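I set out to record what can be read from this model about its ring pairs, its core and its overall build. The entries follow in the order in which I looked things up.

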Amino acid sequence: MSTLSATSAGREFLVFGRLEMAASTEAPEPWYLALLGFAEHFRTSSPPKIRLCVHCLQAVFQFKPPPRVEARTHLQLGSVLYRHTKNSELAQTHLEKAWFISQQISQFDDVKFEAASILSEFYCQQNLVDSAKPVLRKAIQISQQTPYWHCRLLFQLAQLHALEKDLVSACDLLGVGAEYARVMGSEYTRVLFLLSKGMLLLMERKLSEVHPLLTLCGTIVENWQGNPIQKESLRVFFLVLHVTHYLDAGQVKSVKPCLKQLQQCIQTISTLHDDEILPTNPAALFHWLPKEHMCVLVYLVTVMHSMQAGYLEKAQKYTDKALMQLEKLKMLDNSPILSMFQVILLEHIIMCRLVTGHKATALQEISQVCQLCQQSPRLFTNHAAQLHTLLGLYCISVNCMDNAEAQFTAALQMTTHQELWTFIVTNLASVYIREGNRHQELYSLLERINPDHNFPVSSHCLRAAAFYIRGLLSFFQGRYNEAKRFLRETLKMSNAEDLNRLTACSLVLLGHIFFVLGNHRESNNMVVPAMQLASKIPDMSVQLWSSALLKDLNKACGNTMDAHEAAQMHQNFSQQLLQDHIAACSLPEHNLISWTDGLPPVQLQPQNGPTTSLASLL
């Protein structure tokens, strides 16, 4: 919803001047046209000469202009000061005057509602949300005869409530917008409102309301005969909601047909030419996302799918494509959504790097996420828990278990998202299992993620992982039959949805159990496919573990040559991991493992050398 924008937004100053001439019975004064022309010239200079632009606009007031010119000039000054300077106090003064004066003037809708919209945006940026709400509510109340502005202001207020996590109020407003768009005869904008509402309902886990709403949207989109790009963009929005819903539920295999449709849809959009003819219905003057942004979004959900499924090379390929496109877009457009896309892409590729044995690169990318979050307080608020979770995963990979616990504990305090909470608890439980002396804390956690009873989320993937954690604990406790039961449940669930990493981990652990029990044949039947799958992913830790087991298995069976080959593989994997371990721990970014509170540190001092042991991996 936050990505919705108006096709007619971003008007130039001279367009305002033309609107004045069209609306007035008298031609504008020459001095006004001259000052407006100079202001626009300075604003569009390369580089912009904002100070001179502001001087020209301020000079308008010296002529005691009529109310229309006065209000418009206050709006122009407020906008320039807000967008291009740090003089927030003066920007606020001009925007408030523009809003106040314009309300007294009839047939002055564009300036009036533009002033309300920008003033509210300004208030939100200054953390004055309680000042923004009444402005938007008043503007919505008096804009019902102006369809474009009424819809745009409804979207804006709904977005404000959503950012405050007041999803009920946001959904109510979007429902009002959908009905208004229907009455105004714009099925296109009606679907935009409905899909935005569906997105929030998914966030609230109100699945019983989501399914009929998405079904309705699908029917409207398929039957709607309109602009091809608008129709395909609605389909992309619709399919993105479906795909993310499946991925949130950990249904990696089930989502494939829907993901394929989405990829085909974005290919169709890329072949269509933008239609410069604006819709005749003013309520339809919106688009969801620019084509280029949609392409990045489809890359992003493809990366999310590839990472969950364990196709990590594919995830890397699409991440590279998406980041390359993002860099190009950010040179032209510094939209906050692009930074959000970049952060989510990096979060996913960091997890891939940790699995493939590229910890040093992962750590540098974690630092990159920190830098992006430092530039945007909102981005940091929304991603702080994920950032600490990533640091916790990195700490596990370099065997810094105390730091891992501290990072996961910090992350748990920062999130209310149930799936993320469950993911963090699952990984924290693995830390306690490895430490071996945290029984009370471990059992307390395991009660909260019991896959057999009242599991906290509907995610197929996370429930399968919870079974694996139970199996791992039973293995360390020597309860091998119980461990096998849990791991077979994990295998059944991971095979059902193509969760390759969980399958590989379960197979190698089952192989280890059978080896300990002296069942070498059954152990071999588990370890060989585990190694093959781990090589395909590729998962460096599972390859290391499998090669060690293959070495011992072949040695026990008297297969000297195979044992030697497996020992060589194990040595190679050990060396690669050791070199990467040393490189990561020597980076200045390694000090991030000690950060658990507040904003991430800006300056990081280099390490003298690795301070952790690789023994647990070898």
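**Aromatic pairs**

I counted the ring pairs first and arrived at 17 aromatic pairs; the model I worked on is a predicted one. One of them joins tyrosine 299 and tyrosine 318, with 5.9 Å centre to centre and 45° between the planes, a tilted arrangement. I then looked up where the two rings sit. Tyrosine 299 belongs to helix α14 (residues 291-309) and tyrosine 318 to helix α15 (residues 312-332), so this pair ties together parts that are 19 residues apart in sequence.

Are these two tyrosines buried or exposed? Tyrosine 299 is partly exposed, its relative accessible area being 21%. Tyrosine 318 counts as buried because its relative accessibility is 17%, and the cut-off for burial is under 20%.

I next examined phenylalanine 467 and phenylalanine 486. Their ring centres are 6.4 Å apart and their planes stand at 35°, so I entered the pair as tilted. Phenylalanine 467 is in helix α22 (residues 460-476) and phenylalanine 486 in helix α23 (residues 480-496), so here too parts 19 residues apart in sequence are tied together. Both phenylalanines are buried.

I also noted a cluster linked by ring pairs, made up of Phe113, Tyr148, Trp149, Phe155, Phe193 and Phe286.

**Core and helix α16**

I turned to the largest nonpolar core, which has 216 residues; Leu195, Val236, Leu262, Trp288 and Tyr394 touch the most other members. Helix α16 (residues 336-356) supplies the largest share of this core, 13 residues.

For leucine 195 I listed the contacts, leaving aside neighbours within four places in sequence: Leu214, Cys217, Leu234, Phe237, Phe238 and Leu241.

I then checked α16 itself. Its 21 residues reach 30 Å from first C-alpha to last, close to the 30 Å expected at 1.5 Å a residue. The helix is mostly covered, with 19 of its 21 residues buried. Glycine 357 follows α16 and has a positive phi, near 85°.

**Whole chain**

Last, I took the totals. The protein chain contains 27 helices and two strands, and its C-alpha trace spans about 100 × 55 × 45 Å along the principal axes. Of its 618 residues, 54% count as buried. The chain exposes about 28100 Å², of which carbon and sulfur atoms supply 53%.

How much of the contacts with a separation of 6 or more comes from residues 24 or more positions apart? I recorded 65% for the protein chain.

Methods:
Residues numbered from 1 in each chain as written. Predicted model: local features only at pLDDT ≥ 70, side-chain atom pairs only at ≥ 80, totals over all residues. Heavy atoms only, no water. Core = buried A, V, L, I, M, F, W, Y, C linked by side-chain atoms within 4.5 Å. Buried < 20%, exposed > 50% of the residue type's maximum accessible area, 1.4 Å probe, protein only. Helix = DSSP H or I, 4+ residues; strand = E, 2+ residues; numbered from the N terminus. Contact = heavy atoms within 4.5 Å. Expected span 1.5 Å × (residues − 1). Phe/Tyr/Trp six-rings, centres within 6.5 Å; stacked < 30°, edge-to-face > 60°. Areas by Shrake-Rupley, 256 points an atom, 1.4 Å probe, with all protein chains shown as cover.
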